[in-house]
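Please read the following with the sequence and the coordinates open side by side. The text goes from a metal site to the strands, then to single residues and the domains.

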Amino acid sequence: MAKVIELNYSSTNTYLIEGSIGTILFDTGWAGTFTSFCGLMGKLSRKVQDIDYILISHFHPDHMGIAQEIANLKPVIVVMEVQQPFIHASDDIFTKDKQTTFYPIEDGKVKVVACRESRQFLQKLGIAGEILHTPGHSEDSITLCLDDGKMFVGDLNPLYELEMHRGTEIERSWKKLLKLKADTIYYGHAKTAVIAHKEGKAKGQKNTQLHTLVSRIIKYIDKGYPVEKIEKKTGADRMFIEDVNRMYLTHQNVGVQGILDRIEIKGK
Ligand SMILES: [Fe+2]
């Protein structure tokens, strides 16, 4: 199973995914964050040269800003075939900023991989999974899906907002992803989320603990209690309460199970 290390050195969540044979860096920060990136790698006792490939969720400036700067030290930028027309989409933003060093991606040095070949590509790194085209936030967005249920979705709109995006490309992309095993969702900016599976439902059981917790939260929402008070009463995570609250208030007649079906447990 690949090891995932979250790298916090910029406003973008980026990840090192270490397979049994090789390592992928998923996303990078904005131009100008290279020194912080190298410093953090050092603190983690990792060398930049240990990274084999850099995979970019989409070519917006806050995800590809230092990709080439890192690649200058050895790692190779992987561009999915569907992303090819977009790799220079953010260059203009950086070239206007004379204060910040920016290295445009060198087309001749990237490795192009088609989504249909992604499983074999990952296999060579000892990583079991695949890369899917998941447009919605942008046309070039891709998701790295590991077979153990970890998904790196970049800026795809969070799952808990799905109701707002019915009938759009965002919903189609999520449908594609949710057909696979999905346990942990790693976002480009939002907090990592763990999906609340309906454990034991096949046997007619419910995830009792969660069910009870959500019932209590709803009871207190009905009583008009503020989030702080519900937090104290139930001991539940504040963001979880806010999610339940939002779900409850925006979906008429939604029951406890309905909320559980739509919600993710955050902050794990
Ligand atoms: Fe973006």
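**A walk through the model**

The site of the iron ion is irregular, with angles of 87 to 174° among its four donor atoms. An angle of 174° falls outside the tetrahedral window, because that class requires all angles to lie between 85 and 135 degrees. As a reference, ideal angles at a metal are 109.5 degrees for four tetrahedral donors. The coordinates come from a predicted model, and water is not among the atoms, so sites may look incomplete.

Which protein atoms are the donors of the iron ion? They are NE2 of His-58, ND1 of His-60, NE2 of His-137 and OD of Asp-155, lying 2.2 to 2.4 Å from the ion. Along the chain, these donors follow the spacing H-x1-H-x76-H-x17-D. Within this set, His-60 and Asp-155 link distant parts of the chain, being 95 residues apart. His-60 sits in the loop between strand 4 (53–55) and helix 2 (61–64), while Asp-155 sits in the loop between strand 9 (150–154) and helix 6 (169–178). Are these two donors buried or exposed? His-60 is partly exposed, because its relative accessible area is 29%. Asp-155 has a relative accessible area of 12% and therefore counts as buried, the limit for that class being under 20%.

The next part of the picture is a sheet. Six strands form an open sheet in the order 1-2-3-4-5-6, and their pairing is mixed. Its edge strands, each pairing on one side only, are strand 1 (3–7) and strand 6 (111–113). On average, neighbouring strands of this sheet are turned by 25° against each other, with direction ignored.

At one edge, strand 1 and strand 2 form a hairpin, with six residues between them. The two strands run antiparallel, and five bridges join strand 1 to strand 2 (residues 14–18). Two of the pairings can be followed by residue: Val-4 stands opposite Ile-17 in strand 2, and Glu-6 has Tyr-15 in strand 2 as its bridge partner.

Thr-23 lies in strand 3. Its relative accessible area is 11%, so Thr-23 is buried. Leaving out residues up to four places away in sequence, Thr-23 touches Leu-16, Ile-17, Glu-18, Asp-50, Ile-51, Asp-52 and Tyr-53. Ile-17, one of these contacts, is also the residue in strand 2 that stands opposite Val-4.

Another strand pair includes strand 9, which precedes the loop that holds Asp-155. Strand 9 and strand 10 run parallel and are joined by four bridges. Met-151 stands opposite Ile-185 in strand 10. In a regular strand the side chains alternate between the two faces of the sheet. Are the faces of strand 10 (residues 184–187) covered or open? Both are covered: Thr-184 and Tyr-186 on one side, and Ile-185 and Tyr-187 on the other, are all buried.

Two loop residues deserve a look at their backbone. Most residues other than glycine have a negative phi. Asp-27 has a positive phi, near 70°, and Ser-45 has a positive phi as well, near 55°. Asp-27 is placed in the loop between strand 3 (23–26) and helix 1 (34–43), and Ser-45 in the loop between helix 1 and strand 4. In terms of accessibility, Asp-27 is buried, because its relative accessible area is 1%. Ser-45 counts as exposed, because its relative accessibility is 64%.

Arg-119 belongs to helix 5 (residues 118–123). At 34% relative accessibility, Arg-119 counts as partly exposed, since that class lies between the 20% and 50% limits. Not counting residues up to four places away in sequence, Arg-119 touches Gly-129, Glu-130 and Asp-147. How far apart are Arg-119 and Phe-94 in sequence and in space? They are 25 residues apart in sequence and 33 Å apart in space, C-alpha to C-alpha.

Finally, the domains. The protein chain is divided into domain 1 (3–195) and domain 2 (201–266). Taken over C-alpha atoms, the centres of domain 1 and domain 2 are separated by 32 Å. Their contact takes 10 residues from domain 1 and nine residues from domain 2.

Terms used:
Residues numbered from 1 in each chain as written. Predicted model: local features only at pLDDT ≥ 70, side-chain atom pairs only at ≥ 80, totals over all residues. Heavy atoms only, no water. Donors = N, O, S within 2.8 Å, 3.2 Å for Na, K, Ca; no water. Tetrahedral: all angles 85-135°; square planar, octahedral: opposite > 155°, others 65-115°. Buried < 20%, exposed > 50% of the residue type's maximum accessible area, 1.4 Å probe, protein only. Pairing = 2+ DSSP bridges. Axes fitted to C-alpha atoms, helices over the stretch in contact; angles between N-to-C directions. Domains from an automatic or database assignment. Contact = heavy atoms within 4.5 Å.
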